[in-house]
Amino acid sequence: MEIIKQEVLIIGGGLAGMRAAIETSSQLDTAIIAKIHPARSHSGAAQGGIAASLGNSQADSWEEHMFDTVKGGDYLGDQDSIEILVKEAPENIYELEHMGAAFSRTKDGKIAQRPFGGHSNPRACYAADLTGHILLHTLYEQLIKRKIKIYNEYYLLSLILRNGIAAGIVVYDIKSGELVIFQSKAIVFATGGYGRAFKITSNAHTNTGDGLSIIYRAGLPLEDLEFVQFHPTGLYKQGILVTEGARGEGGYLLNKDAERFMQKYAPKMMEIAPRDIVARAIQTEIDDGRGIDGKDYVHLDLRHLGGEKILELLPQIHELALMFSGVDCIKKPIPIQPTAHYSMGGIPVDINCRVIKDKNNTIVPGLFAAGECACVSVHGANRLGCNSLLEAVVFGRRAGKTVLNFIKEFNFIDLPDNCLDLAKEEINTFLTPRGTEILADIRDDLQYTMTKNCGVFRKEEELRTALETIKKLKTRFGFVKITDKSKIYNTELLEAIELGHILDFAEVIVVGAILRKESRGGHFRKDFPRRDDENWLKHTLAYYSKDGPTFDYKAVKITKFQPQERKY
Ligand SMILES: Cc1cc2nc3c(=O)[nH]c(=O)nc-3n(C[C@H](O)[C@H](O)[C@H](O)COP(=O)(O)OP(=O)(O)OC[C@H]3O[C@@H](n4cnc5c(N)ncnc54)[C@H](O)[C@@H]3O)c2cc1C
């Protein structure tokens, strides 16, 4: 079989992957591998903005941005990474601006900034409510300009390690159904998030956390996976996102009595308190019977902003609410409920985006990760809005720079003879007849149990129900029937592979949540409602074993801010 030699391979064409590729392509032969066209990556769905302490509408500083991020993350974030994130933010924004990103402007022509949850100053730079779309296309233009190779509709199946060093990958060409081996000096994972593990989610169908399970199956750890972010305002029933920018611009949250209930939960910051707090407030109102008409939703009211402001600053929200809920938000409040949104955890990396394999921060040579799939732990236990696009850009660029420094010392490594085995076996088992279980049923049951039993509020017995369900579903998955045996665009096969990924990392989320007997940021245990710094101020590392994940823990880096009680 042909082996394609490629100095640098970036897996994922979202914001993080593209930004890394732009950096490495200046000196090295670089290619992006992506399962969907890069411009369709989930980054393009980002609405509200990207954070930086530019201070364009009110004085601001990186120190304040750092403190807000540390506190927002409930003190689990690594403060050395957070310092890098916030200090490098302004130069990254100006760089994007100079590449041509059309940010919204203040009257005197500066980049406009809106308030956002948990940020103490207006810090979100935005392009109306289409920020991700604008940034993704700006970077895509740079890929074209630099003639960076893109392997479009190529699906990463497995990582090839030799003696603990990353040597290459095996990829499935979706168009032809053929397997392809790539040999590489540096491999950067930028495969994004995993919201599709949940029934109610803001995430695209492609967000199935493939990169996480591929790393986990290769024997490397996953960090802090129990920390899942539930965004407070998803459209009722589907979970499609209504940006926090809508509250940043002044939107109210109302219960069935038309009460602005955030007064009870975060009297100072009200609707723009951090997401974990607002999501819990909404869920409490619903659980206590104060949802609208006793149902599972509350109202987001924008009417007082006026039609002109809504259409200028939140045009996409106006359209989404109309299209998916039949609500014209100029005239009526929008029905919303919390929605699975973001992964705080991921592939553990150091501040230079090098993948690490244990609590001593031992690196895996040749392997890097950036963006949502990575855990450099800038978000700790709860991410602040607008810090994720920022992370993708800042650490995407950083990953690229690290590769440039690293690769000088490196040669291609010979691939082991059996490097295709894992991928071949995966494809063949699915294509060999083995039962009558229906793929969509298993996926529905999995997503249902994750939303119901591993959601905004968690409890031991519910988490145990989720774990038992996952184990049963894994057994059923062994008998799943794939009817399409064809090679070209076999999307049924791909969905099966993706479901296998979700089953693996969902188990890590749930077991990690059972073990973490405290409440911190996005992980709230009703049976352990307090943060417990004495026992749990540490990162989780989960490793694969055939009987389920095994765990180790890693110290949190605290530099400037000692943990305090978190009030808003
Ligand atoms: C609706 C929505 C709105 C958001 N709004 C904001 C916001 O306003 N501000 C903010 O800061 N953050 C926001 N976020 C979060 C932010 O958009 C993401 O965290 C960030 O864009 C992730 O970028 P990424 O490059 O890591 O991943 P993605 O943009 O998700 O890209 C992942 C890439 O990996 C590829 N890939 C995945 N698996 C494979 C595989 N097996 N083989 C090959 N390729 C693969 C995909 O094709 C894709 O190209 C939002 C998220 C959502 C869902």
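Let's start at L367: setting aside its neighbours within four places in sequence, this residue is in contact with L159, A166, I187, F189, I215, L220, C353, R354 and V355. Keep in mind as you look around that this is a predicted model.

L367 is a handy way in, since it is among the residues with the most contacts inside the largest nonpolar core, along with I50, I169, F182 and F189. That core has 140 residues. Its largest share comes from helix α16, residues 491–515, which supplies 15 residues. Apart from this core there lies another one, made of 30 residues, with V242, L300, I310 and A321 among them.

Now for the strands. Take β7, residues 154–162, and follow the chain into β8: eight bridges join these two, and they run antiparallel. One of the matches to look for is L161, whose bridge partner in β8 is A166. A166 also turned up earlier, as a contact of L367. Between β7 and β8 sit just two residues, making a hairpin, and N163 in that turn has a positive phi of about 45°.

How many residues of strand β8 are buried? Eight of the nine in this strand, residues 165–173, so it is mostly covered by the rule that buried means under 20% relative accessible area. On from there, β8 pairs with β9, residues 179–189, again in the antiparallel sense, this time over five bridges. Here I169 has F182 in β9 as its bridge partner, and both of those residues are on the list of core members with the most contacts. β8 and β9 make a hairpin too, with five residues between them, and G177 in the turn shows a positive phi of about 80°.

Elsewhere there's an open sheet of three strands, in the order β3-β5-β4, with antiparallel pairing. Which strands stand at its edges? They are β3 (50–51) and β4 (113–114); each has a single partner strand, so one side of each is left without a neighbour in the sheet. β4 pairs with β5, residues 124–125, over two bridges, and one of the residue matches is R114 with A124.

The other residue of β5, going by its range, takes us to the cysteines. A search of the whole structure finds zero disulfides. C125 is in none, with the nearest cysteine sulfur, on C386, 8.3 Å away. At 0% relative accessibility, C125 counts as buried. C454 isn't in a disulfide either: its nearest cysteine sulfur belongs to C375 and is 17 Å away. C454 counts as buried as well, at 0% relative accessibility.

Conventions
Residues numbered from 1 in each chain as written. Predicted model: local features only at pLDDT ≥ 70, side-chain atom pairs only at ≥ 80, totals over all residues. Heavy atoms only, no water. Core = buried A, V, L, I, M, F, W, Y, C linked by side-chain atoms within 4.5 Å. Buried < 20%, exposed > 50% of the residue type's maximum accessible area, 1.4 Å probe, protein only. Helix = DSSP H or I, 4+ residues; strand = E, 2+ residues; numbered from the N terminus. Contact = heavy atoms within 4.5 Å. Disulfide = S-S within 2.5 Å. Pairing = 2+ DSSP bridges.
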